[in-house]
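Reader: Hi! I'm new to this one and would love a friendly tour. Could you put it up so we can look together?

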Amino acid sequence: AKLRANPDYPDAADPHVWMDPVLWAEAAGSIAEGLARLIPDQASVFAANLAALRTRLAALHDYGARAMASIPPRQRLLVTAHDAFGYFAARYGLEVDSIQGLSTESEANLARIEALVRGLVERRIPAVFAESSVPDRAVRALIEGAGARGQRVALGGTLFSDSMGKPGTYEGTYHGMLDHNFTIIARALGGEAPARGMLGRLAAS
């Protein structure tokens, strides 16, 4: 019941559960239980690792909740390249709209871009977001379309959705990926977050 429907594949759920650290902590619990059944003599290790992970995820969620709550209510619209942020938006009280559907292989059409441009202009949304796994040309079309109507819309940054940052970097970890997303979104939409994220570890932009 906690999974979102997938309009592209009616028999499957939206797979982007990892975008919600609260649901991800629940998923980790199920995995730990399964591992303990398979390897009973390591059950205490799995339990300890799960407790430590949940503590870190709770801190990450608390940071994200504060950052998202700082965005002015009228500007809590997250416009991205494809529909990867449904769980994220539901958890943190944002509206979300995307150029494409859930699949990164679907194509945007002109009517969809025009509808999004109207929404950006009417609500005076200050920024839209590219994604690391999707070409940004359609996002830039939104910026140009809004500009032609007299509304300056910035490229708020590039978010991680279906991939993390480069291996070996903080953004290349689950926590770094979400810290980056929380921070970029809050700052671009008029909220408050430290430029280097919750732990001061994000790469300087």
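Reader: Thanks! Which residues in α2 are buried?

Author: Happy to help, and note that this is a predicted model. In α2, the buried residues are Phe46, Leu50, Leu57, Leu60, Tyr63, Gly64, Ala67 and Met68.

Reader: And what covers the buried residues of α2?

Author: The cover includes α1 (21-38), α3 (86-92) and α6 (174-188).

Reader: How many residues does α2 have, and how far does it reach?

Author: Helix α2 runs over residues 43-69, so to speak 27 residues, and spans 38 Å from its first C-alpha to its last. That is close to the 39 Å expected at 1.5 Å a residue.

Reader: Switching topic: where is alanine 81?

Author: Alanine 81 sits in the loop between β1 (77-80) and α3.

Reader: Is alanine 81 buried or exposed?

Author: Alanine 81 counts as buried because its relative accessible area is 3%, and the cut-off for buried is under 20%.

Reader: What does alanine 81 touch, leaving out residues up to four places away in sequence?

Author: Its contacts are Ser98, Ile99, Gln100, Phe129, Glu131, Val134 and Val139. Take valine 134: it is 53 residues from alanine 81 in sequence, yet their C-alphas are 6.8 Å apart in space.

Reader: Last thing: what is the mean pLDDT of the protein?

Author: The mean pLDDT is 91, and 95% of the residues reach 70 or more. Over residues 102-106, though, the pLDDT is below 50. Beyond near neighbours in sequence, that stretch has 17 contacts in the model.

Terms used: Residues are numbered from 1 along each chain as its sequence is written. This is a predicted model: local features need pLDDT of at least 70, side-chain atom pairs count only at pLDDT 80 or more; totals for chains, interfaces and linings use all residues. Side-chain values use heavy atoms; hydrogens and water are left out. Helices (H or I, at least four residues) and strands (E, at least two) are DSSP runs, numbered from the N terminus. The expected span of a helix is 1.5 Å times one less than its number of residues. Buried means under 20% relative accessible area, exposed over 50%, partly exposed in between (1.4 Å probe, protein chains only). Contact means heavy atoms within 4.5 Å. pLDDT is the predictor's confidence in each residue, from 0 to 100.
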